[in-house]
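Me: I would like to go through this structure by question and answer. Please keep the answers short and show the reasoning.

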Amino acid sequence: MSSVGASWMRAPYPALVVDAAGAVVEANTRAAVLFPRATRGAWLEDVAPRWLTEAHRRAVADGTDSLGHVGGEHGEWSLEAYPTTGSDGHVVWWLVDDTDRLLAERALRSEQERTAFLADASSRLLASLNTERCMEVTVELAAEYLADAAVLVAPATGKRHPLATGTGGRVTHHSLRIDPAMVPGLAEALQGFPPVPSRWIDPAALPGWAVPEGFAGPVGSVVVTPLPGHGVSAGALILLRRSDQAVFDASEEVFARVFAARAGAALSAARLYGEQTGITATLMAELLPPALRQVHGVEFAGGYRASKDSERVGGDFYDVHPGAGTDQETLAVLGDVCGKGLEAAVLTGKIRNTLHALLPLAGDHGHLLRLLNGALLTSRHTRFATLVLASVRRRGSATHLRLTSAGHPAPLIVRNDGTVELADTSGTLIGALPEVRSSTTHLTLRPGETCLLYTDGVTEAHGGPLGDTMFGESRLRAALAECAGMPAEAVVERVQMLVSQWLDDNRHDDIAVMAITAARTAHLTAVDGHTAGRYTA
Amino acid sequence: MTTMHHDDSFDLTTVRDEAGDPRIGIVGALDWDTADDLTRTASACLGADPAPRRLSLDCARLTLCDSLGLASLLMIQRRAAEVGTLLRLLNRPPSLQRILEITGTSDVLAANGAETGELTPPEPDRATTGAPLPPPQT
């Protein structure tokens, strides 16, 4: 039988000739390697896989043209088989070994799945800046895609380690005193050292806390991988697989590290954010404007509306330092610090503390401002503050004010007849120039009259019908004219309401106002013989 | 109905004036985002060896100057004084002029340099000339 020649025997692809009955006629050298028992006369069904035998039957019955090609597994190979019609009703099966291609396709698919998982993981991890939520997501993802259970060990806070454990879609948080040395590689991972290979970790030696509640079955294999943060470790991740699952292979360990790098970055960002908001909250609490009240027959009322950029600690401030007695002046301060954020907050705190210490020198505003300026001057920057000082003392029905502006919009005075006056004071801003000058004005308020201190957040509020006009001093004066005779609280509320309406939803700077009003119905708060009847208007 | 569109672009152009001294043209808003740019650009001019005789900032196309913008101008003024350079703020728009007046800096940041400051001479100290305290009521 020589339906094929000698060169055919040496063809680089396996070929098999089978007769119509299903008996092997001939196999070339390559085919003999694939099917060692396919000698002449052997039945195809005895030597070849079932899918090929069945394809042969169909090829004989329907013709090779209608069949096209078939494919299937044979031992460790993956084959494609193309039939052609030979002489005497024989079918020649041309076989192509596509094992490598299939492996490559499988690897590609798994890479694509991993990439998709990482993309999904990143977006879920970065969705929250809350540390606990971030730990939860990490454990959830790890337990779902990488292992049967996951335990996240965060760096110790004090003597305890925050832990998040997850298995079967459930995540729990713990705070435990643990000894990281109990899990091989954990202490190292918490310090950011590379992970130890999974095969070095004995699953049976794991401490109880490292196996989440509800983990079904004994632990078969363990991976411990560090969660690298920004410069410092964000913790470590322990992955567990049950003994009935495949152990972690090298590529899975590498992939776990890739995932851990993303989780670590997200956790670290969440932790930094948490620390930052903590600092900001502490500073904010220190810088919040005080509640104001009536002092020695004078009403003080303040209003503060922080800029909408809420993460930025504001730059406006006010304070009232009551005089020790009725014959002592009360010092009110309202100011605006250049810039925003922590630097502005620190400068604000410095100004308020320095002013408090300089209170005994408030008798001379110019002198006090020069001292304050000297305390704030620094070669590093020219961040400055503008402020207004108001020293207030009531004598009978007359309330005397000394007002000094240090580079700040001058206060406005509301008289009982509705006229609004601009306080005649001006001066240099504080904290940027070696020399400062200022001029102080003296004025008197009758009961019911108000002096309004404000920051430029009021006059520079952008809004109005088209949203692009500044509120401006003239609108403020018109508003104040309608506040004649009102108590301090009401004046502040009225101004704040009008500015809010003007702003609508526009972005705005910090807005601070303080009203100093000579009380109409002052009661005797101190009776010592000298001061009796002093406040009866 | 039309709405006003603010042009957000900011630009600094440094040229030499007729005397060969640097002149920085400021276009746009001088604020939180841009003030550092101006400080850097001006400091680079002042850092030349020898330092220029004078440095001019052309404010003709300055649209806004907030507190950080003013801090930048004060920093430039400080550095200019250190190296003996005369700082001039040319073509000041009314809004800038107003900020300088309220903050008491118009004599330091003058149109023709700190020495002349003819636009706003320092005001007399009213603390000494102001009205005396009204007599206490009894």
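Reply: Accessible areas here come from the Shrake-Rupley method with a 1.4 Å probe. The structure is a predicted model.

Me: What share of the area that chain A exposes do carbon and sulfur atoms supply?
Reply: Chain A exposes about 24600 Å². The part of this area supplied by carbon and sulfur atoms is 53%.

Me: How many of the residues of chain A count as buried, in percent?
Reply: A residue is buried if its relative accessible area is under 20%. Chain A has 537 residues, and the buried share of them is 50%.

Me: How many helices and strands does the secondary structure of chain A come to?
Reply: Helices and strands are DSSP runs, numbered from the N terminus. For chain A the count is 14 helices and 24 strands.

Me: Which strands of the sheet S13-S14-S15-S16-S20-S19 in chain A stand at the edges, and why is one side of each left without a neighbour?
Reply: The sheet is open, has 6 strands and is antiparallel in its pairing. A strand at the edge has a single partner strand, so one side of it has no neighbour in the sheet. In chain A the edge strands are S13 (316–321) and S19 (426–427).

Me: Within this sheet, which residue of S15(A) is the bridge partner of Asp336(A)?
Reply: Strand S14 of chain A covers residues 330–337 and strand S15 of chain A covers residues 385–395. The two pair in the antiparallel sense over 8 bridges. The partner of Asp336(A) in S15(A) is Thr386(A).

Me: What angle does the direction of helix H11 of chain A make with that of S15(A)?
Reply: Helix H11 (residues 365–376) of chain A packs on the sheet. The strands it touches are S14, S15, S16 (398–406) and S20 (438–445) of chain A. With the direction of S15(A), the helix direction makes an angle of about 145°.

Me: How many aromatic pairs does a search of the whole structure find, and what kind is the one formed by Phe117(A) and Tyr145(A)?
Reply: Over all chains, the search finds 4 aromatic pairs. Phe117(A) and Tyr145(A) have their ring centres 4.4 Å apart, with 50° between the planes. Planes under 30 degrees apart count as stacked and over 60 as edge-to-face, so the rest are tilted. The pair of Phe117(A) and Tyr145(A) is therefore tilted.

Me: How many residues apart in sequence are the parts that this pair, Phe117(A) and Tyr145(A), ties together?
Reply: Phe117(A) lies in helix H6 (residues 99–125) of chain A, and Tyr145(A) lies in helix H7 (residues 131–146) of chain A. The pair therefore ties together parts whose separation in sequence is 28 residues.

Me: Are Phe117(A) and Tyr145(A) buried or exposed?
Reply: Buried means under 20% relative accessible area, exposed means over 50%, and partly exposed lies in between. Phe117(A) has 6%, so it counts as buried. Tyr145(A) has 43%, so its class is partly exposed.

Me: What separation in sequence does the pair of Phe117(A) and Phe259(A) bridge?
Reply: The ring centres of Phe117(A) and Phe259(A) are 5.5 Å apart and the planes stand at 35°, so this pair is tilted. Phe117(A) is in helix H6 and Phe259(A) is in helix H9 (residues 250–287) of chain A, so the pair ties together parts separated by 142 residues.

Me: Which residues do ring pairs link into a cluster, and which residue lies over the face of Phe255(A)?
Reply: The cluster consists of Phe117(A), Tyr145(A), Phe255(A) and Phe259(A). At 4.7 Å from the ring centre of Phe255(A), the residue over its face is Arg114(A).

Me: Where is Pro50(B), and what is omega of the peptide bond that joins Asp49(B) to it?
Reply: Pro50(B) lies in the loop between helix H1 (35–46) and strand S3 (54–65) of chain B. The bond from Asp49(B) to Pro50(B) is cis, with omega about 0°.

Me: What is phi of Asp88(A)?
Reply: Asp88(A) lies in the loop between strand S4 (77–85) and strand S5 (91–97) of chain A. Its relative accessibility is 63%, so Asp88(A) counts as exposed. Asp88(A) is not a glycine, yet its phi is positive, at about 60°.

Note on methods: Residues numbered from 1 in each chain as written. Chains lettered and ligands numbered in written order. Predicted model: local features only at pLDDT ≥ 70, side-chain atom pairs only at ≥ 80, totals over all residues. Heavy atoms only, no water. Pairing = 2+ DSSP bridges. Helix = DSSP H or I, 4+ residues; strand = E, 2+ residues; numbered from the N terminus. Contact = heavy atoms within 4.5 Å. Axes fitted to C-alpha atoms, helices over the stretch in contact; angles between N-to-C directions. Buried < 20%, exposed > 50% of the residue type's maximum accessible area, 1.4 Å probe, protein only. Phe/Tyr/Trp six-rings, centres within 6.5 Å; stacked < 30°, edge-to-face > 60°. Lys NZ or Arg CZ within 6 Å of the ring centre and 35° of its normal.
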